[in-house]
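Colleague: Please take a close look at one part of this model for me, the pairing of its strands. I would like to follow it strand by strand, and then see what surrounds it.

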Amino acid sequence: MYRVGIFGVSGYAGQKLVELIVSHPEAEITAGFVASEEGTPEITEIMPRLKGLIRLRCKNSPDWKDIEKNCDVVFLALPHSVSMKFVPPLVEMGKKIIDLSADFRFDDIKTYERWYVKHTCPQLNSRFVYGLPELNREEIKNTDFVANPGCYPTSVILALYPLVKNNLIDKKVFVDSKSGVTGAGRALSFGNLFVECNENIKAYKIGEHRHSPEMEEVINRIGGGTGYSIVFVPHLVPYNQGILSTCYVMLTSEMAEEKIQEIYEGIYENEPFVRVMDYGLSPSVKNIVNTNFCDIGIKLVDNRTLVVISSIDNLVKGAAGQAVQNMNIMLGLKETIPFF
Ligand SMILES: NC(=O)c1ccc[n+]([C@@H]2O[C@H](COP(=O)([O-])OP(=O)(O)OC[C@H]3O[C@@H](n4cnc5c(N)ncnc54)[C@H](OP(=O)(O)O)[C@@H]3O)[C@@H](O)[C@H]2O)c1
């Protein structure tokens with residue numbers, strides 16, 4: 001059994017990690033941390049639904065001796081800027097690290113610092129691999145340090161990858177994404193109150209969401225240079241989990257629907273968690289909630305305007321599920337457990 005530590009157990013991503021590791025046949029949770037100053041809760045006080053399935057007392061700060069002795073892999077399900085405080089000692093101890101925050105996602109540290117905060121261990125940044133298995137599986141196999149992608153970027157990059165890889169589209173892309181409320185995390189905020197969200201839909205951070213530079217950096221890397229820009233408009237919608245991203249792209253030349261469909265099916269043929277829908281069918285959030293799937297559907301609106309729609313669960317393929325997929329790849333385990 002591989003021994004897993006989770007920092008940020010009480011958060012939405014952390015709780016989903018706990019659920020997945022509890023049902024993982026080759027891993028067990030040996031350490032859990034929360035920030036809360038209200039004592040050291042038993043994990044089932046945070047997640048009563050797991051009563052009888054796991055016993056573990058969480059701590060308020062890492063017990064480094066315990067981690068050194070009892071963890072092989074550590075997941076950091078913490079806010080950005082908090083994660084990077086814990087990375088240097090874990091690297092020093094030779095632990096495998098999967099960080100769910102944005103702290104190590106960027107190749108260009110200046111971009112990170114422009115959109116987030118000053119990096120406190122930039123010397124470690126280049127040792128992290130961007131953990132999108134469909135793009136970087138070989139690198140993930142050979143690293144001890146993974147930066148798990150953001151939820152919106154996972155949905156958008158997987159939707160655009162076949163087009164950008166084959167250089168088929170204009171460099172300006174318009175993306176409209178809709179996310180459930182867990183995407184904002186568990187910390188209290190006025191905009192996420194039930195009464196504010198329920199029976200409502202609202203765009204926010206138009207053109208200035210922190211996931212835009214992440215998508216643009218990766219899309220430009222796939223495209224072999226610079227020049228792609230994404231007009232990204234996220235929306236908050238009143239369901240718990242799930243993202244639906246609609247991408248509007250202009251093809252550089254006319255293409256038949258069969259040809260585009262063939263390209264998508266070819267690229268994702270052997271990907272266990274990406275499902276290309278039949279041509280013209282639209283993915284929906286209900287079909288992917290609590291799964292690690294990314295569903296993708298395409299439709300030509302005219303002979304040069306293409307709409308690509310993708311759906312993922314923000315807490316699963318967009319966070320904890322993808323993190324466990326990365327752990328499996330790093331450890332040489334079957335990539336799809338505990339999902340199937
Ligand atoms: N939610 C998503 O859909 C999603 C998707 C992809 C990636 N992510 C990323 O995953 C990370 C966690 O997100 P989340 O949505 O799970 O957030 P969350 O619900 O707000 O949970 C944050 C967790 O971090 C702990 N924490 C907060 N401040 C801390 C500190 N100073 N020291 C130690 N622990 C601290 C919290 O503990 P307490 O509860 O005790 O305060 C909680 O366990 C974030 O970086 C987020 O960007 C989230």
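Modeller: Two strands count as paired if DSSP finds at least two bridges between them. Strand β3, residues 73-76, meets that condition with β4, since the two are joined by 4 bridges and run parallel. Keep in mind that this is a predicted model.

Two of the residue pairs between these strands can be named. V74 has I97 in β4 as its bridge partner, and F75 stands opposite I98 of β4. Strand β4 covers residues 96-99, and its side chains alternate: K96 and I98 point one way, while I97 and D99 point the other way. Are these four residues buried or exposed? All of them are buried. The two partners just named in β4, I97 and I98, therefore point opposite ways from the strand.

Now widen the view. β3 and β4 belong to an open sheet of 6 strands with parallel pairing, in the order β2-β1-β3-β4-β6-β5. The edges are taken by β2 (27-33) and β5 (129-130); each has a single partner strand, so one side of each has no neighbour in the sheet. A helix, α4 (residues 83-92), lies across β1 (2-7), β3 and β4. The direction of α4 makes an angle of about 170 degrees with that of β4.

There is also an open sheet of 7 strands, where the pairing is mixed and the order is β8-β9-β7-β10-β13-β12-β11. Here β8 (202-203) and β11 (274-276) are the edge strands, and because each has a single partner strand, one side of each lacks a neighbour in the sheet.

The mixed pairing becomes plain when the strands are taken in turn. β7 and β9 run parallel and are joined by 8 bridges; D176 has V233 in β9 as its bridge partner. β7 also pairs with β10, this time in the antiparallel sense, over 6 bridges. In that pairing, S179 has I243 of β10 as its bridge partner. β10 (residues 243-250) in turn runs antiparallel to β13 (residues 305-312), with 8 bridges between them. S245 stands opposite S310 in β13. Helix α7, residues 151-165, packs on this sheet and touches β7 (172-179), β9 (229-236), β10, β11, β12 (294-300) and β13. The direction of α7 is at about 35 degrees to that of β10.

What surrounds the strands can be described by domain. The assignment for the protein chain gives domain 1 (2-127) and domain 2 (152-314). Their centres, taken over C-alpha atoms, are 27 Å apart. The contact between them takes 10 residues from domain 1 and 7 residues from domain 2. On the domain 1 side, the contact residues divide into 5 nonpolar, 2 polar and 3 charged.

Last comes the ligand. Each of the two domains gives at least three residues to the shell around the ligand. Of the 28 residues there, G11, A35, S101, G185 and R186 come nearest. By type, the shell has 14 nonpolar, 13 polar and 1 charged. Helices α1 (12-22) and α11 (316-331) each supply at least two residues of the shell, and the largest share, 3 residues, comes from α1.

Methods: Residues are numbered from 1 along each chain as its sequence is written. This is a predicted model: local features need pLDDT of at least 70, side-chain atom pairs count only at pLDDT 80 or more; totals for chains, interfaces and linings use all residues. A residue is near a molecule or strand if its C-beta atom, placed from the backbone, lies within 6 Å of it. Ala, Val, Leu, Ile, Met, Phe, Trp, Tyr, Cys and Pro count as nonpolar, Asp, Glu, Lys and Arg as charged, and the others, Gly among them, as polar. Domain bounds come from an automatic or database domain assignment. Two residues are in contact if their C-beta atoms, placed from the backbone, lie within 7 Å. Axes are lines fitted to C-alpha atoms, for helices over the stretch in contact, and angles run from 0 to 180 degrees between N-to-C directions. A residue is buried if 20 or more other C-beta atoms lie within 10 Å of its own, exposed if 12 or fewer, and partly exposed in between; C-beta atoms are placed from the backbone.
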